[in-house]
Each structure stands twice: as C-alpha cells, then as structure tokens.
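Student: I would like a close look at a single part of this structure, followed outward to what surrounds it. Please take it step by step.

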Amino acid sequence: MRKIGVIGLGHVGATVAYTLVTKGIADELVLIDSNAEKAVAEEYDLRDTISRLDTFTKIIPQNYDALQNADVIITAFGNISAIKMDGDRFGELNYNAKVVSEVAQKIKKSGFNGVLINISNPCDVITTLLQHKTGLSKKQVFGTGTFLDTARMQRAVGQAIHEDPKNVSGYVLGEHGESQFTAWSTVEIKGHAITEVASVRGLDLNELDQRARRGGWLVFSGKHYTCYAIATCAIKLTLAVLSDAHLACPTSVYLENYDHYIGYPSVIGRQGVIEVNKINLTIEEQAKLDNSAKIISEKLAVLD
C-alpha cells in the first residue's frame, strides 16, 4: 500500500497530485490545502478522472491524521503572488516560514514517520525549517532543490548542441535561487567532458549557465507560475523513495559544515537521504558553493 500526502494544492501541488493518480503511483492520496474549497475541488476532479484510468486511488481530503502511516509527504504550499517578476524566490520567505510552523506541528501531531520532500520556496530555507519543526531526522527530510535546476542545465546544453538532455550529466549546486551555479567540472555529454565539447563546438559555458539559471523565470514570465518540470522532479524523487532506488541526484540536503540544507549530490532511497555523495569541486566552484551557503544562512538568521 503506497500512501502519499500532498500539502498545498496550488499549480504545483495539483500537478503532483494529478500525476500520482494518473500514473497509478499512489494507492492512497491525502490532499490538504489551507483553502478547503480548493481541496474539495481537486478531490472531485481527481475522483472524476479515476473512472477512466486503469488504476484506483483512494483520495482522502483535509485530514492530517491520515498522514500517520503515509510513506511520503510532499509539501508544496506557497503564495505565488509574493514572487515578483524580478526573479526573487525569497519573496515567499515570510509567508512560507509562517506556514511551516502550522504545517509542521500538524505533521508531528499525526505521528508521521516517513519521508518528507519539500518543494516550497525558498526551498533550502523552508526545508531546513521543516526538518527543525517536524523533528524528523535529517535523512527523512530533503527538498527538490537543484534537481530542477540541473534539469534546466541539461535542457540548455542539449538545446545548444542539438542533443537529448538526458545524455547530459552533471550538477547544478547551491541555493535553489540566484546564487546557484553549474559545476562544469561535473558535466559530461555522453561521457565526454563539457570542456572538451565546448572547445570543439565553441560553446560559452557562462552563457549556458545563465540560460539554466534564468530558465525558470522564462516560464514564470509567460504563465506566472511553473508546474510541469518541478512536479516531474518531485514525482521522480517520490518513486526513488517508494522503490528504494538509491537514485544519485542533486537535492536540497543537509550538509554538516553549513548546518543547513543546500543543493548538493545525494542518494535517495526508502529511508530518504541514503548518503550525501561528496564530490571534488574546483577551487572556484567550492567558493561559489560557500557563497551560496552564506546567503541561505543569512536568510535563516533573519528568522531566528
């Protein structure tokens, strides 16, 4: 019995819920939103979908107690109107920090002891707060973080050289925000170092990094929200937990030397973060990671 909870049913949370049902991933799905009417609307829209699917999902609305035996909770609450068009994900910080206190208390009260995957922005800060306030272990809590940004990097590189983005490997690290960066020393295209390919193809890696960094805002400026890519990332991570896949990927994970969550390579399985996959970075890349961590620390300090 695969039981999953989704807290926050905006564009992202609703897309996650729809995917869980239509792909038959969840046997039971708990839907929770601060707007009860929205939760009921999503519940019945999904119930009307089930008659045309090959699988069945039991849908449980607005019930935190039902999370007690859930395998995974996905948090996707937020206030999209708080994000300005200048691309500052910290616009949601004050709103979401307050929501964390309420949501975490209810999760803790439910007795939930599974894996919590956070999407809510600013992802690294909110993931850190959720871990603190739920009392779940640092392995049980992680965020989507730069898993999405890495996909955007793969898209940007793939577009530049007319290659399937799945053939591009490597990591975008740091904050899921403006201080993120592509660790080009980790990037390969079908086993070939990106630096070699860039030299032959005349690629500007700094420009590609900007394309990856700004990819989300390209979507946001056109539709005023993003949903498909981030929901897909959350689904893949959920499947990694349910199937104990030991998936190696970047997520928002706790690093002891920074004492908070940040986008970094990890291995995801049934218990959550199986391990932090420590990698060797160049001196310049390490400095960028340290700088990004400092920005996250400063935002957390403001909330203390």
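Where is the place of Asp 244?

Tutor: This is a predicted model, and Asp 244 is placed in the loop between α8 and β10. Asp 244 is not a glycine, yet its phi is positive, about 50 degrees. Most residues other than glycine have a negative phi. With a relative accessible area of 37%, Asp 244 is partly exposed. From this loop we can go two ways, back into α8 or on into β10.

Take the helix before the loop. Helix α8 covers residues 228-242. The largest nonpolar core has 81 residues, and α8 gives the largest share of this core, 9 residues. Among the 81, the residues that touch the most other members are Ile 4, Ile 7, Val 16, Leu 20 and Leu 29. Leu 20 serves as an example: leaving aside residues up to four places away in sequence, Leu 20 touches Ile 4, Val 6, Ile 25, Ala 26, Leu 29 and Ile 235. Apart from this core lies another one, of 15 residues, including Val 168, Ile 194, Leu 205 and Leu 208. In soluble globular proteins, nonpolar side chains tend to be buried together.

Cysteines come next. The structure holds 0 disulfides. Cys 227 is in none, and the nearest cysteine sulfur, that of Cys 233, is 12 Å away. Cys 227 counts as buried because its relative accessibility is 5%, under the 20% limit. Cys 233 is in no disulfide either, and for this residue the nearest cysteine sulfur is that of Cys 249, 9.0 Å away. Cys 233 is buried too, with a relative accessible area of 7%.

Now take the strand after the loop. Strand β10 (residues 247-255) is joined to β11 by 9 bridges, and the two run antiparallel. One bridge partner pair is Tyr 254 with Tyr 261 in β11. The hairpin of β10 and β11 has 4 residues between the strands, and Asp 259 there takes a positive phi near 60 degrees.

Strand β11 (residues 260-269) is mostly covered, with 10 of its 10 residues buried. His 260, Ile 262, Tyr 264, Ser 266 and Ile 268 point one way from β11. Tyr 261, Gly 263, Pro 265, Val 267 and Gly 269 point the other way. Residues in both of these sets are buried.

β11 also pairs with strand β12 (residues 272-276), in the antiparallel sense and over 4 bridges. Ser 266 has Val 276 in β12 as its bridge partner. The hairpin that joins β11 to β12 does so through 2 residues. Strands of a sheet pair through backbone hydrogen bonds, either parallel or antiparallel.

Another loop residue can be set beside Asp 244. His 162 is found in the loop between α5 and β7. The phi of His 162 is near 55 degrees, a positive value in a residue other than glycine. His 162 is exposed, because its relative accessible area of 76% is over the 50% limit.

That loop leads to an open sheet of 3 strands, in the order β7-β8-β9, with antiparallel pairing. β7 (168-173) and β9 (192-193) stand at the edges with a single partner strand each, so one side of each has no neighbour in the sheet. Helix α5 (residues 146-161) packs on the sheet and touches β7 and β8; the direction of α5 makes about 135 degrees with that of β7. β7 pairs with strand β8 (residues 181-189) over 5 bridges, and Ser 169 stands opposite Glu 188 in β8.

Helix α6 (residues 194-201) has Ile 194, Val 197 and Ala 198 among its buried residues. These three cover an arc of only 100 degrees around the axis, so they lie on the same side of α6. Ser 199 and Val 200, on the other side of α6, are exposed. The buried residues of α6 pack against α5, β8, β9 and α7 (205-223). After α6 comes Gly 202, with a positive phi near 70 degrees.

A last backbone detail is a peptide bond. The bond from Asn 121 to Pro 122 is cis, with omega near -10 degrees, whereas most peptide bonds are trans. Pro 122 lies in the loop between β5 (115-118) and α4 (123-134).

Key: Residues numbered from 1 in each chain as written. Predicted model: local features only at pLDDT ≥ 70, side-chain atom pairs only at ≥ 80, totals over all residues. Heavy atoms only, no water. Pairing = 2+ DSSP bridges. Contact = heavy atoms within 4.5 Å. Axes fitted to C-alpha atoms, helices over the stretch in contact; angles between N-to-C directions. Core = buried A, V, L, I, M, F, W, Y, C linked by side-chain atoms within 4.5 Å. Buried < 20%, exposed > 50% of the residue type's maximum accessible area, 1.4 Å probe, protein only. Disulfide = S-S within 2.5 Å. Arc of directions from axis to C-beta.
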